[in-house]
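Welcome! Please take a moment with the sequence and the 3D view below, and then we can walk through some of the details together.

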Amino acid sequence: MILHTSRGLEDRSTGTTIRKGLSITPASILTALDAVNDAGIEFDIFIAEISIGGTGYADIGIITTIANDYKIANNTKLASDSKRHMIIDAKTGSKLVVNNDALRFFGACRGDIEVISFTDSVNASCNVYYEDHDKKGGTIAYFLGKEHGKIHIGEAHDYDITSYKTAFVCATAAAIAMDIDSDAIEKAFLGFKGAQGRMTKKSVDGRILIDNSNSGMDIRMAQKALKYAQEEEGRIVMVLGEEAKEVCEGLDPSGVERFINNHINDLGALVLVGERMKQLAAVAKDAKVFFAIDLPGGIEIAKSLTKEKDIILSCVKCFR
């Protein structure tokens with residue numbers, strides 16, 4: 001199986017990285033396929049993360065959500081406009097796994113493709129939905145034709161399970177679309193330890209490191225990460241910013257400024273990262289605001305400002 005994401009182009013059957021740094025726009029799938037062919041790798045499944053829209057060529061297309069819509073193409077249209085083409089351009093006979101929020105927004109779907117709907121709430125009108133979900137786990141129910149059943153998700157200690165609520169139900173719908181049985185799906189969730197930079201938690205030099213630094217990080221996610229960190233006992237030092245403004249349209253400095261004004265008193269210290277955050281750090285009236293040029297530098301400063309059992313909260317927009 002080949003996985004093409006913002007993390008890199010990977011051969012999951014061997015656990016090796018074929019290439020890093022590829023774009024995840026639709027056209028870049030061709031470059032990724034060329035790289036796989038050049039490496040002489042044969043595969044049965046190719047999974048591609050697409051940043052804006054899709055080609056419709058997939059056997060199974062997935063629209064994860066249209067929530068928190070945003071401007072693209074130099075602010076000339078919305079991301080949801082491109083995601084709509086996952087439906088419009090889907091090839092006849094293919095399958096489309098779609099979040100119910102997109103189905104409601106886009107309206108009627110096509111009759112010549114199989115649509116599998118999912119939702120991260122309790123909504124039995126969808127093919128795949130939650131019967132219950134909280135910090136200790138949950139139960140996903142699915143109904144697809146004559147196939148029906150339940151999948152249980154256990155408590156997680158290595159990551160914030162609520163941050164994966166949509167991902168788990170979407171993955172279940174996609175797996176069912178591929179005719180994977182429920183026992184295999186449940187076993188996969190049981191062995192899941194969180195994805196790098198997606199609300200994971202681990203110990204580093206006696207500190208608790210909550211890692212939420214990824215290409216999709218935004219202020220809303222930073223606020224959720226802070227709330228998650230506050231569930232722990234300990235002083236919180238936050239690393240916040242961007243490694244470059246080109247990373248998925250960057251992190252708006254004005255949003256960071258509002259975050260500082262609203263939450264600086266919740267933090268033991270704040271390390272701002274990235275060239276565009278330098279001015280915010282320079283004019284900050286609070287002595288506990290620091291600056292670093294990149295994520296590794298920010299983590300090192302945070303380590304120097306913390307002791308054992310303190311919490312380092314990493315929320316930097318970056319490619320991992």
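Buried here means under 20% relative accessible area, exposed means over 50%, and partly exposed lies in between (1.4 Å probe, protein chains only). This is a predicted model, in which local features need pLDDT of at least 70 and side-chain atom pairs count only at pLDDT 80 or more, while totals for chains, interfaces and linings use all residues. Residues are numbered from 1 along each chain as its sequence is written, and side-chain values use heavy atoms, with hydrogens and water left out.

**Aromatic rings**

A pair of aromatic rings is described by the distance of the centres and the angle of the planes. Rings of Phe, Tyr and Trp (its six-membered ring) pair if their centres lie within 6.5 Å; planes under 30 degrees apart count as stacked, over 60 as edge-to-face and the rest as tilted. The whole structure holds nine aromatic pairs. Two of them are set out here.

| Pair | Centre to centre | Angle between planes | Kind |
|---|---|---|---|
| Phe-43 and Phe-46 | 5.7 Å | 50 degrees | tilted |
| Tyr-164 and Phe-192 | 5.3 Å | 70 degrees | edge-to-face |

The pair of Tyr-164 and Phe-192 links distant parts of the chain, 28 residues apart: Tyr-164 is in the loop between β12 (147–153) and α5 (165–177), and Phe-192 is in the loop between α6 (182–190) and β13 (200–204). Helices (H or I, at least four residues) and strands (E, at least two) are DSSP runs, numbered from the N terminus.

How do these rings differ in cover? Phe-43 is partly exposed because its relative accessible area is 33%, and Phe-46 is also partly exposed, at 23%. Tyr-164 counts as buried because its relative accessibility is 7%, whereas Phe-192 is partly exposed at 28%. Ring pairs also join Tyr-164 and Phe-192 into a cluster with Tyr-159, Phe-168 and Phe-189.**Charges over rings**

A charge sits over a ring if NZ of Lys or CZ of Arg is within 6 Å of the ring centre and within 35 degrees of the ring normal. Lys-91 lies over the face of Tyr-57, at 4.8 Å from the ring centre. Likewise, the charged end of Lys-165 sits over the ring of Tyr-130, 6.0 Å from its centre.

**A buried threonine**

Tyr-130 also appears around Thr-139, whose contacts (heavy atoms within 4.5 Å) include Tyr-129, Tyr-130, Lys-150 and His-152, leaving aside neighbours within four places in sequence. Thr-139 belongs to strand β11 (residues 137–144) and counts as buried because its relative accessibility is 9%.

**Cysteines**

A disulfide is taken as a pair of cysteine sulfur atoms within 2.5 Å, and the structure holds zero of them. Cys-126 is in no disulfide, and its nearest cysteine sulfur, that of Cys-170, is 12 Å away. Cys-126 is buried at 4% relative accessibility. Why does Cys-315 not bond with Cys-318? The sulfur of Cys-318 is the closest cysteine sulfur to that of Cys-315, but at 10 Å it is too far for a bond. Cys-315 is buried too, with a relative accessible area of 0%.

**A six-stranded sheet**

Strands of a sheet pair through backbone hydrogen bonds, either parallel or antiparallel. Here, two strands pair if DSSP finds at least two bridges between them. One open sheet has six strands in the order β13-β14-β18-β15-β16-β17, with mixed pairing. β13 and β17 (289–292) stand at the edges with a single partner strand each, so one side of each is left without a neighbour in the sheet. Neighbouring strands of this sheet are turned by 20 degrees against each other on average, direction ignored.

Within the sheet, strands β15 (residues 236–242) and β16 (residues 269–273) run parallel and are joined by five bridges; Met-238 stands opposite Leu-270 in β16. Helix α10 (residues 295–304) packs on the sheet, touching β13, β14, β15, β16, β17 and β18, and its direction makes about 165 degrees with that of β18. Such axes are lines fitted to C-alpha atoms, for helices over the stretch in contact, and angles run from 0 to 180 degrees between N-to-C directions. Helix α7 (residues 219–229) lies across β13, β14 (207–211), β15 and β18 (311–317), running at about 170 degrees to β18.

**A four-stranded sheet**

Another open sheet has four strands in the order β3-β2-β1-β4, again with mixed pairing. Its edges are β3 (16–19) and β4 (46–48); each has a single partner strand, so one side of each lacks a neighbour in the sheet. The twist averages 25 degrees from one strand to the next. Strands β1 (residues 2–5) and β2 (residues 8–11) pair in the antiparallel sense over four bridges, and Thr-5 stands opposite Gly-8 in β2. Helix α1 (residues 28–38) lies across β1, β2, β3 and β4, running at about 145 degrees to β4.

**Strand β8 and its partners**

How many residues of strand β8 (residues 95–99) are buried? Four of its five residues are, making the strand mostly covered. Strand β5 (residues 60–63) runs parallel to β8 and is joined to it by four bridges, with Lys-95 in β8 as the bridge partner of Ile-60. β8 also pairs in the parallel sense with strand β9 (residues 114–118), over five bridges, and there Asn-99 stands opposite Phe-118 in β9.
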